[in-house]
There are 2 protein chains.
Amino acid sequence: MILALAGGVGGARLAHGLAQVLDPAELMIAVNTGDDFVHLGLYVAPDIDTVMYTLAGINDPQRGWGVADETWHFMEQLAKLGGETWFQLGDRDLATNVERTRRLTQGQKLSEVTRQLCLSLGVKHSVVPMSDERVRTRVDTDQGQLDFQDYFVRRRAEPKVRGFEYVGANQAQMSAALRDCLSDPALRAVIICPSNPYLSVAPILSIPGVRNAIANAAVPRLAISPIVGGQALKGPAAKIMRELGRESSVVEVARFYRGLIDALVIDGADASLSDEIALTGITPLVTSTVMRDANDRRQLAENVVGFCEQCRLQDVRSAEA
Amino acid sequence: MILALAGGVGGARLAHGLAQVLDPAELMIAVNTGDDFVHLGLYVAPDIDTVMYTLAGINDPQRGWGVADETWHFMEQLAKLGGETWFQLGDRDLATNVERTRRLTQGQKLSEVTRQLCLSLGVKHSVVPMSDERVRTRVDTDQGQLDFQDYFVRRRAEPKVRGFEYVGANQAQMSAALRDCLSDPALRAVIICPSNPYLSVAPILSIPGVRNAIANAAVPRLAISPIVGGQALKGPAAKIMRELGRESSVVEVARFYRGLIDALVIDGADASLSDEIALTGITPLVTSTVMRDANDRRQLAENVVGFCEQCRLQDVRSAEA
């Protein structure tokens, strides 16, 4: 069993690749829910949906979120009615959110609702929320403390970031599936997908027990850098690094995950920074990490799974030595 | 000021006609909310929406409910997700229900929400719910006590009806606008639209004070028969009459409204039943009541308003005599 931690688009793409090369019984994708919020009375879980839609093959590849061939008649009418339109929900995407909200209101856990939605969409691999309890990412910015979606969507990630808070994390429990996976003797590796470290991965790590379980896991733990050539392939990761006074580079990603991972997978474009990464105690692994199409995803997933196997063999050899 | 009581499609059509011949300050349309129910977590108010969409000119004339040029991508996706699909909500219609639910959840009254939705859609005439409190029509049938939408939509009004209950009516207050209208010295007439007497009008009359206020109002009170030639133009009114062991005719409509109205407007097709109607103490008024198009609506509205004026003059003359 391989555990992958994933957030938004980059995470979903690698998760999709992993799902191509691993059987459903061999992969669990634990997804950030710090972005979740209640909007228009609906429980919206953007990262879960991005992973779920991507694995189902119905995601919109251009926008990066929502469903392909989407229509927007609901939003158009809502605009006419003076409703809130800063957060877009397509007509088909809306069905996911209405059905999820209905099931949650009936008392089902987010894990169970997610499992059912995945089943309905033909997703066979396990997609589990990091927690069934509410954790809300808040962004401390030069425009004040902002709810995540206020920062990310309404203000287009334009405010300057000073820090983050994962409200409710201390009181939250990791989901049963994630807990079981982390303590499963069959766990072979932990893969941190190329998601935004602060916005997608840190909320998962903020749930009590997750960071320690990974830090102490006797299995290979790899992250794939979401930064390539100093830039984020998507989203504000590099911008946030600079705003926090750090360099926007794979080295900063390594520093962020120091003490947690064994190896950082970086793109060939950043090969020259391998030595600097090694100084953090993390092994740099160089391959092509940019996922332009389904082949790229599959190839990267194969390479990453191969790296995990290499790390495992090295561990075995060091133990034997 | 003329007060019109309205329910579904027939009521909405005459309300539309009345809105063509009366200024916004001259007309208030009080609408049945006994059909309202919470579905998929949304507060759905079918009769309010039918009246509102019809007055806004955006109703679907074929289906009789919902918005014209509607799309169904939400429902299609909901079906894939295993959601409840027996009650259809189009993509545009959904916006009304989401926005209404959001505002109600914020604490706004249904009256205020309805006013805002009407304003947004350019409806200038007053459309008011019979009450801001929940009243739920329950249908006693040979298949048991059924919620209204279960009877009407899910079971297509097929169960045999034995009676009705308007749950919550005794505890409900009429909406402030309806109360003010009924006690307004400027009230000129009360018009009961050609809506289903049991399903659309009786719930309004079941709100404490409404029936008495109309019965005692010193203004002309007219109903337009929803039955023409023994048949309901739309919906199960005639079927219900037969199931209740009554004749499905304009005479039964007169009996239903006995003690409440001065005159019953019937179609020329039923002119031969005028004498029987007169025996109930209600004056039969014959005209063409079938509304096939906007011209028919306007013509019927003009005739009905004319009848009100005639009744008023007759009252004045009787008082002077």
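**View 1. Helix α4 of chain A, wrapped up by its surroundings.** In this predicted model, twelve of the 15 residues of α4(A) are buried, so the helix is largely enclosed by the rest of the structure. Buried means that 20 or more other C-beta atoms, placed from the backbone, lie within 10 Å of a residue's own. Among the buried ones are Asp91(A), Leu94(A), Val98(A) and Arg103(A). The cover includes α2 (46–56) and α5 (110–120) of chain A, together with α3 (73–80) and α4 (91–105) of chain B. Helices here are DSSP runs of H or I, at least four residues, numbered from the N terminus. Local features need pLDDT of at least 70, side-chain atom pairs count only at pLDDT 80 or more, and totals for chains, interfaces and linings use all residues. Residues are numbered from 1 along each chain as its sequence is written, while chains are lettered from A and ligands numbered from 1 in the order written.

**View 2. The length of α4(A), and what follows.** How far apart are the end C-alpha atoms of α4(A)? They sit 21 Å apart, which agrees with the expected span of 21 Å, that is, 1.5 Å times one less than the number of residues. Just after the helix, Gly107(A) takes a positive phi of about 105°.

**View 3. Two chains around an axis.** Rotate chain B by 180°, with 0.0 Å of shift along the axis, and it superposes on chain A with an RMSD of 0.0 Å (least squares on C-alpha atoms of residues with pLDDT of at least 70 in both copies). The copies are thus related as by a two-fold rotation axis. In chain B, the C-alpha nearest that axis belongs to Asp91(B), 3.0 Å away.

Key
Helices (H or I, at least four residues) and strands (E, at least two) are DSSP runs, numbered from the N terminus. Two residues are in contact if their C-beta atoms, placed from the backbone, lie within 7 Å.
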